[in-house]
Amino acid sequence: RLFLQEWKQFGSSYYYFFNKEKSWSAARQDCRERGADLVIINSREEQEFIKKENKYVWIGLSDAKSEGQWKWVDESPLSTAFWRSGEPNNANGDENCAVFSTTADTLKAWNDIPCSYEAGWICESTQPYVRRLQ
Ligand code: 2F8
Ligand code: CA
């Protein structure tokens, strides 16, 4: 049967908000198996759209390859940033992946945390995912 997951459209992309929790790499793998990748945030409007979900989720942003050089999963550098005040701080020298951690009254919601931590995640794709189950 065909099973259409609930992807939400915003602009020219579709987004899926997972409620399970995984490490950053496992979350990314899950998105890729769905023909998507972890979300890349390019605008204030996109940041606002994601904030409305009120979730604690991985975004497709990491500086694991080179400390302090934050890159999106498509290798692009940040075009706009929404770090929480004081972030990214690479706490204990071990924070290379970014999470969207909603705060009440500001759009500044990103924090760097250890990539091995488990969080929900958001996939972004140009097409809504359709999965064929046996
Ligand atoms: O105070 C900010 C600081 O708070 C936590 O560390 C105590 C966060 N760590 C996790 O969420 C794992 C830090 O990333 C954050 O910078
Ligand atoms: Ca941090």
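Two residues are in contact if their C-beta atoms, placed from the backbone, lie within 7 Å. The structure is a predicted model, in which local features need pLDDT of at least 70, side-chain atom pairs count only at pLDDT 80 or more, and totals for chains, interfaces and linings use all residues. Residues are numbered from 1 along each chain as its sequence is written, while chains are lettered from A and ligands numbered from 1 in the order in which they are written.

**Exercise 1. The chain as a whole**

Task: Describe the contacts, the dimensions and the confidence of the chain.

Solution.
1. Take the contacts with a separation of 6 or more: 68% of them are between residues 24 or more positions apart.
2. Turn to the radius of gyration, taken over C-alpha atoms; the globule rule is 2.2 Å times the number of residues to the power 0.38. For 134 residues a compact globule would have a value near 14 Å, and the chain has 14 Å, so the two agree.
3. Along the principal axes, the C-alpha atoms fill a box of roughly 50 × 30 × 25 Å.
4. Check the confidence. pLDDT is the predictor's confidence in each residue, from 0 to 100. The chain averages 92, and 93% of the residues score at least 70. The model's ipTM is 0.97 and its pTM is 0.92.

**Exercise 2. Elements and the pairing of S2, S3 and S9**

Task: List the order of the elements, then follow the pairing from S2 through S3 to S9.

Solution.
1. Helices (H or I, at least four residues) and strands (E, at least two) are DSSP runs, numbered from the N terminus. The chain has two helices and ten strands, in the order β-β-β-α-β-α-β-β-β-β-β-β.
2. Two strands pair if DSSP finds at least two bridges between them. Strands S2 (residues 8-10) and S3 (residues 13-22) are antiparallel, with three bridges.
3. Gln9 has Tyr14 in S3 as its bridge partner. Two residues lie between the strands of this hairpin, and Gly11 there has a positive phi near 60°.
4. S3 is also joined to S9 (residues 119-125), antiparallel, by six bridges. Here Tyr14 is the bridge partner of Ser125.

**Exercise 3. Strand S7 and its neighbours**

Task: Find the partners of S7 and state how covered the strand is.

Solution.
1. S5 (residues 56-62) runs antiparallel to S7, with four bridges between them. Val57 is opposite Phe100.
2. S8 (residues 110-113) is likewise antiparallel to S7 and joined to it by four bridges. Phe100 has Trp110 as its bridge partner in S8.
3. A residue is buried if 20 or more other C-beta atoms lie within 10 Å of its own, exposed if 12 or fewer, and partly exposed in between. In S7 (residues 97-101), four of the five residues are buried. For the chain, the buried share is 30% of the 134 residues.

**Exercise 4. Glu21**

Task: Is Glu21 buried, partly exposed or exposed, and which residues does Glu21 touch?

Solution.
1. Glu21 belongs to S3.
2. Glu21 is partly exposed because 15 C-beta neighbours lie inside 10 Å.
3. Leaving out residues up to four places away in sequence, Glu21 touches Glu118, Ala119 and Gly120.

**Exercise 5. Ligand 1**

Task: Which residues are around ligand 1?

Solution.
1. A residue is near a molecule if its C-beta atom lies within 6 Å of it. Around ligand 1 are Glu87, Asn89, Ala91, Glu95, Asn111, Asp112, Ile113 and Tyr117.
2. Ala, Val, Leu, Ile, Met, Phe, Trp, Tyr, Cys and Pro count as nonpolar, Asp, Glu, Lys and Arg as charged, and the others, Gly among them, as polar. This shell has three nonpolar, two polar and three charged residues.
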